Amino acid sequence: MTSLEQKLHFDTIIERIEKARLRVNDHHIVKIVAASKYVGIEEIQALYNIGQRAFGENKVQDMKAKVDALEDLPLEWHFIGTLQKNKINQLISLNPYMIHSIDSLDLAHALNERLMREGKTLRALVQVNSAYEESKSGFHPDEFMQSYAQIGSECPNLQLMGIMSIGAHNDETKIIQKSFEITRALYDQLPHATVCSMGMSGDFELAIACGSNLVRLGSLLFKHI
Ligand SMILES: *Cc1c(COP(=O)(O)O)cnc(C)c1O
């Protein structure tokens, strides 16, 4: 794919996001985080050249390789995968912009402790398993509010910004929509939250309709390459 073709492809995605957000209202702004796990540094650089700045990685080792190789670019790195406790130090040393995937009190406490030791803070989203799927990480919706408040009071080095969820893995739109609506209802109750991270390549328009203001797009952006 030439760089022009890539730009045109990116433009069609942005148009789709634009239409979806305007259906919510004129002031509903949606951020794109490019989930770059499928690609290497050249593809990230190419998307950067078109104007994309925020990239998300699922694995700390992969993020490190890409952060190191692209350190001269003003990129915003988001950690979106499940974080193993033994990778916390390495993640913190990369100074990511935000972590989306706080999925247990244990992890929150461990991250907070290492951040405190380093004299750092980190923007964080708490993940909710609003699809009620065993294969998914995150707090159950019923325990989410209480856990969010607890992390907020016990982990001062985590700057809580909002909520993240992965839509239900299902062919039925209604079921995916339900999981997004659960996430949105929780988001609306959070004090001072500004980020509602939900929506991926297959369901981002529905997620935006349900109130998402950050979509994590991977295959749609990169899989055609
Ligand atoms: C891979 C990934 C995405 C992007 O998924 P696509 O369906 O490829 O757009 C979003 N969020 C998380 C947590 C991911 O791991």
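In the predicted model, helices H1 and H2 cross in a right-handed sense. Two packed helices are described by the angle between their axes and the distance between the axes. For H1, which spans residues 3-24, and H2, the angle is about 70° and the axes lie 10 Å apart. H1 is therefore roughly perpendicular to H2, since angles of 65 to 115 degrees are assigned to that class. The residues that meet at this crossing are Gln6, Lys7 and Phe10 on the side of H1, and Ala46, Leu47 and Ile50 on the side of H2. Sorted by class, the contact of H1 with H2 comprises four nonpolar residues, one polar residue and one charged residue.

Helix H2 (41-50) also bounds a loop, the one that follows strand E1 (31-35) and contains serine 36. Serine 36 has a relative accessibility of 0% and therefore counts as buried, the limit for this class being under 20%. When neighbours within four places in sequence are set aside, the contacts of serine 36 are with Ile44, Phe55, Gly56, Glu57, Lys66, Trp77 and Phe222.

A second serine, at position 201, is likewise placed in a loop, here between strand E7 (195-197) and helix H8 (204-209). Serine 201 is classed as buried because its relative accessibility is 16%, and the class covers values under 20%. Its side chain takes part in a polar contact of 3.3 Å with the side chain of serine 219. The side chain of serine 201 also reaches a backbone atom, the nitrogen of leucine 220, at 2.9 Å. Both partners appear among the residues that serine 201 touches beyond four places in sequence, namely Arg216, Leu217, Gly218, Ser219 and Leu220.

Glutamate 154, by contrast, belongs to a helix, H6, which comprises residues 141-154. With a relative accessibility of 37%, glutamate 154 counts as partly exposed, because this value falls between the limits of 20% for buried and 50% for exposed residues. Residues up to four places away in sequence being excluded, glutamate 154 touches His109 and Asn112. The side chains of glutamate 154 and histidine 109 are joined by a polar contact of 2.6 Å. Asparagine 112 is separated from glutamate 154 by 42 residues in sequence, while the C-alpha atoms of the two residues are 8.6 Å apart in space.

Notes:
Residues are numbered from 1 along each chain as its sequence is written. This is a predicted model: local features need pLDDT of at least 70, side-chain atom pairs count only at pLDDT 80 or more; totals for chains, interfaces and linings use all residues. Side-chain values use heavy atoms; hydrogens and water are left out. Helices (H or I, at least four residues) and strands (E, at least two) are DSSP runs, numbered from the N terminus. Buried means under 20% relative accessible area, exposed over 50%, partly exposed in between (1.4 Å probe, protein chains only). Contact means heavy atoms within 4.5 Å. Axes are lines fitted to C-alpha atoms, for helices over the stretch in contact, and angles run from 0 to 180 degrees between N-to-C directions. Angles under 35 degrees count as roughly parallel, over 145 as roughly antiparallel, 65 to 115 as roughly perpendicular and the rest as oblique. A crossing is left-handed if the near helix is turned anticlockwise from the far one by less than a right angle, and right-handed if clockwise. Ala, Val, Leu, Ile, Met, Phe, Trp, Tyr, Cys and Pro count as nonpolar, Asp, Glu, Lys and Arg as charged, and the others, Gly among them, as polar. A polar contact is a pair of N or O atoms within 3.5 Å; within protein, one must be able to donate a hydrogen and the other to accept it, and residues adjacent in sequence count only if both atoms are side-chain atoms.
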